[in-house]
Amino acid sequence: MEIINTLRFKKYLPTDFNEYFKLVKDDEVMKYITGIGMTEEQANHKFTSILDKSSIDEQLGYFKIYDENDTILGECKIVYNSHLENSLEIGYMLKKEFWKKGIGTKICEHLISNAKENFSTLDIIAVIDPENIASRKLLEKFNFESYWKGIENDVPTEKLILNKTK
């Protein structure tokens, strides 16, 4: 198994749509996010939103994730949470060939560290599909606790918050 030692994070640019679309049109990658891959029109709409959210603050936004060989592994986000005041939302998705290689742990470490360093007064939230056991286990490893389950935007949703007291 190939070991990926270094991750690099770079905000999306307007010229990155094709790379973004390659990721989000994949049904397997999107299984626990929207349930199915996006059409080009849906991806274009979402990408415009991503660029807007990325312009709010230098430390916040959606980031392409690269390895030391400049291979794009996926994307991650750290953005203001629109449903809970005084909180940030973190998340990520990886191309299938990079699943189960410990990359999610490194991404979470990076996102949580960034949030604590630059936004120490804000809570940190993660949103997952309740059936995504791997994501839940990873978040629980970092002391996230579930606080809401239900249907949101027609998609099964579970929200977890980082317990800062542990």
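Select strand 6 and strand 7 (residues 155-162) in this predicted model. The two strands pair in the antiparallel sense, over 8 bridges. To look at one of these pairings, pick Glu145: its bridge partner is Ile161, in strand 7.

Next, widen the selection to the whole sheet. The sheet is open and has 7 strands, in the order 1-2-3-4-5-7-6. Its pairing is mixed. Colour strand 1 (8-11) and strand 6 (144-152) to mark the edge strands, each of which pairs on one side only. Turn the view to follow the twist, which averages 25 degrees from one strand to the next.

Now add helix 3, which packs on the sheet. Which strands does helix 3 touch? The contacts are with strand 1, strand 2 (61-66) and strand 3 (72-80). The direction of helix 3 makes about 105 degrees with that of strand 2.

Stay on helix 3, which spans residues 40-54, and select Glu41 within it. Is Glu41 buried or exposed? Its relative accessibility is 68%, and the cut-off for exposed is over 50%, so Glu41 counts as exposed. Then show Lys25 as well: Glu41 and Lys25 are 16 residues apart in sequence, and their C-alpha atoms are 11 Å apart in space.

Last, select helix 4 (residues 103-118). Helix 4 lies across strand 1, strand 2, strand 3, strand 4 (87-94), strand 5 (123-128), strand 6 and strand 7. To check its direction, compare helix 4 with strand 4: the helix runs at about 160 degrees to that strand.

Key
Residues numbered from 1 in each chain as written. Predicted model: local features only at pLDDT ≥ 70, side-chain atom pairs only at ≥ 80, totals over all residues. Heavy atoms only, no water. Helix = DSSP H or I, 4+ residues; strand = E, 2+ residues; numbered from the N terminus. Buried < 20%, exposed > 50% of the residue type's maximum accessible area, 1.4 Å probe, protein only. Pairing = 2+ DSSP bridges. Axes fitted to C-alpha atoms, helices over the stretch in contact; angles between N-to-C directions. Contact = heavy atoms within 4.5 Å.
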